[in-house]
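Biologist: I have a model open and want to learn how to read it. Can we take the features one by one?

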Amino acid sequence: MDVSFILDALNDKQREAVAAPLQNSLVLAGAGSGKTRVLVHRIAWLMHAYELSPYSLMAVTFTNKAAREMQGRIEQLVGLPPQGMWVGTFHGLAHRLLRAHWRDAGLKENFQIMDSDDQLRLVKRIMREFNIDDTRWPPKQVAWFINGQKDEGRRAAHVPDSHDPFSKGMRELYYHYEEACERNGLLDFGELLLRAHELMLTNPALLKHYQQRFVHVLVDEFQDTNTIQYAWLRVMVGDTGTITAVGDDDQSIYGWRGAKIENIQNFSKHFNDVATIRLEQNYRSTGQILKAANGLIQNNDDRLGKELWTDSGDGDPISLYAGFNEQDEARFILEIIKKWRDDGTALKDMAILYRSNAQSRVIEECLVREQLPYRIYGGHRFYDRLEIKNALAYARLAVDPNDDGAMERVINVPPRGIGERSIGTLREIARDQGCSMWQAAEHIVQHGVMPARASNAIKNFLQIIDGMGNTLIQPDLGLGDVFEHIIQEAGLIPHHEKEKGEKGEARIENLKELVSAASGFSWSEDDEEFSSPMMAFLDQAVLDAGEAQADEYQDSVQLMTLHSAKGLEFPLVFLTGVEENLFPSKMSFEEPGRLEEERRLCYVGITRAMEKLYITYAESRRLHGSESFNSPSRFIREIPQECIEEVRLRSQVARPVSMQRHNYQGTLQKQNQSILHGYQVPETNVSMGDRVKHPVFGEGLVINYEGQGPQARVQVNFDTEGTKWLVLSFAKLEVL
Ligand code: ATP
Ligand code: MG
């Protein structure tokens, strides 16, 4: 069979990587150089040139979405879906192994996966149970500690003993936490990997089976694997398999979660005869965007070192916009989006990126006002929403009434007369008897140990859940019908109808969306390791939470954090909130190496853009309820200034970029003052280039303005305080 078509749309280096012999290889290359493309083509090549069955391949991608995309692209390339191939995230694949071999892994058959909320709730529950002071050991920090240990592959028993009481307490809590998880059949995300790794180590026959099965393993975004993920990969590949890893050290952005760049350096030591291939031609972005990215990342030391280039032309310079606050920033972004839309660009080709989730709210409000559909990756995720989590908790109880986490969540939602006192009693009985809360509830109902009213309320709840459980075993009901029933029996719709305004309405819409998500859920033959479609659906909901959205197919503006933008590309990209303390984040100043990681994150952001990049910042910002004045991010300064063009405000005169650079450094040189002089702010006594004095900020130079008369705003570059926008009528500026 002629397989050369697979190599057609590749450059020489890419071809070398794709058509390499069946060996260990490492593709090290910058953003947009075709790493993911190489992986896809390599899979197709292995299937066709080497006639490997898809069954003998495993591909690890960074998100479930990327996994689906990869399958789609392979199908496109070779005309057949790669049936039997294992493709997914580390978590997804580990989970699959555990479902298939739950007994060998020492798990309960219907084990449940906890997301970070569930996890935190469990930690709190344990702390209450053992009367542990949550001011000394804040629950969030405890969860963080446990996750960190798991990322390093350590169980509580492996955590070194310590004399310092704080560490001792942490270790103790980790023990209790492990016990509680064990007892309740609960697995957090880190546990999936840890357990899958142990499963392989403790079951040689099983390990041998998988090592023989997976002839070749492929890993995307390799720079972000942590210790346990890497250990698991090494075990799965063993001595008989081979591996292709692709990655970019400049895009390593999960150090804070235990990812190790060192894995790239160690790769050649741990695997035999590794062929290393570098790609430097970029096919994604314009020359200007690449120049900006290259210039920025040069400020990091200890890089493996590579420079991206393109032959697709320079393109537009990067536009920089200074909003006077976050509202103005959002307004500006919307203006540009509408312009691009009117010029025929699809909304899905536009992405707004930000450093932290909380920044999305203002932009979202603006989008809603303008009635522009949008989609958020991460953040307020569909499966993370309160009403959805409640409905899912009912479903979990229907599957397994002994799921205490689910029980605590919904026993009195909607309110059905089961108060904190009753719940406390249930907890107590469960603890004393070593049983689940469900069993405790049954006990109460049977033995009348509570006042009739409370006891009846509990009985009523037990009956509701029993009824839901029955729907699961009716063969004629689809998953959508089951959810419809669950939502109705739980009384969730009337509950949210009582909520005022749009919020309740939105929640009801989401619940309806859940029914349709369940109806549309396909349970493929590949999923034989799940005991029922409901189990598969519930797990999928947790694993997919970061990615799945109700409105996946509607054309909509894409909003996401920089972390979730990895691997993606969009013609138009907004990098927002590029301010000191926000990006780089304040936290990154405290720990060594974190600032470099922030810079890599910025590099990831810039290199998402194909045609046009906007960088925006706000001179004042209200976030988390307080107002701050941050100066523009150092990252802006680190981008070669010739790639940047400042956006002019509506009534503004040109501000030469060269001058702007001096601005950042806080001093304006004489020659620049003369450029400015002469433009008077209409109907005022202030002119550009005037030196002015502010009662609080001191002396500075007027460098920009907007509007006219007393309501005009001027931008002043203060000698000691940096630049600020001020409304003339409030600012009490004295012209010197
Ligand atoms: P990232 O580091 O951001 O994950 P990447 O290295 O994985 O990037 P890809 O996403 O594989 O890069 O490729 C970037 C873009 O360039 C894609 O749109 C891809 O289709 C295109 N591309 C890559 N190689 C070629 C090629 N040889 N010819 C044409 N287009 C290409
Ligand atoms: Mg990629």
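Modeller: Start with ligand 1. A polar contact here is a pair of N or O atoms within 3.5 Å; within protein, one must be able to donate a hydrogen and the other to accept it, and residues adjacent in sequence count only if both atoms are side-chain atoms. A nitrogen atom of ligand 1 lies 3.3 Å from a backbone N or O atom of A9.

Biologist: What else should I know about where these values come from?

Modeller: The model is predicted: local features need pLDDT of at least 70, side-chain atom pairs count only at pLDDT 80 or more, and totals for chains, interfaces and linings use all residues. Side-chain values use heavy atoms, with hydrogens and water left out.

Biologist: Which polar backbone atom is 3.1 Å from an oxygen atom of ligand 1?

Modeller: One of G34. R608 contributes from its side chain: an N or O atom there is 2.8 Å from an oxygen atom of ligand 1.

Biologist: How many residues surround ligand 1?

Modeller: A residue is near a molecule or strand if one of its heavy atoms lies within 4 Å of it. Here 19 residues surround ligand 1, and the closest are K35, T36, Q251, E569 and R608.

Biologist: What does the UniProt annotation say about residues 8-286?

Modeller: UniProt positions are in the numbering used here, feature names are shortened, and annotations may be inferred rather than shown by experiment. The unreviewed entry gives "domain: UvrD-like helicase ATP-binding" for residues 8-286. Helices (H or I, at least four residues) and strands (E, at least two) are DSSP runs, numbered from the N terminus. Over residues 8-286 the chain is 49% helix and 11% strand. The end C-alpha atoms of that stretch are 23 Å apart.

Biologist: Now helix packing. At what angle do α19 and α20 pack?

Modeller: Axes are lines fitted to C-alpha atoms, for helices over the stretch in contact, and angles run from 0 to 180 degrees between N-to-C directions. Angles under 35 degrees count as roughly parallel, over 145 as roughly antiparallel, 65 to 115 as roughly perpendicular and the rest as oblique. Helix α19 (residues 452-472) and helix α20 (residues 479-490) pack at about 170 degrees, with axes 10 Å apart. So α19 is roughly antiparallel to α20.

Biologist: Which residues of α19 and α20 make the contact?

Modeller: Contact means heavy atoms within 4.5 Å. From α19 come I464, G467, M468, T471 and L472; from α20 come V482, H485, I486, E489 and A490.

Biologist: And where does α15 fit in?

Modeller: Helix α15 (residues 386-399) packs on α19 at about 75 degrees, with axes 8 Å apart. That makes the pair roughly perpendicular. Y394, L397, A398 and V399 of α15 meet F461, I465, M468, G469 and L472 of α19. α15 and α20 pack at about 105 degrees, with axes 10 Å apart. They are therefore roughly perpendicular too. A391, L392, Y394 and A395 of α15 touch F483, I486, I487 and A490 of α20.

Biologist: How do I read backbone oddities?

Modeller: Most residues other than glycine have a negative phi, and most peptide bonds are trans. In this model, a cis peptide bond joins V413 and P414, with omega about -5 degrees. P414 is in the loop between α16 (404-410) and α17 (420-433). The bond from F583 to P584 is also cis, with omega near 10 degrees. P584 sits in the loop between β13 (570-575) and α24 (594-606).

Biologist: What is phi of N131?

Modeller: Near 55 degrees, a positive value in a residue other than glycine. N131 lies in the loop between α5 (116-129) and α6 (139-151).

How values were computed. Residues are numbered from 1 along each chain as its sequence is written. Chains are lettered from A and ligands numbered from 1 in the order in which they are written.
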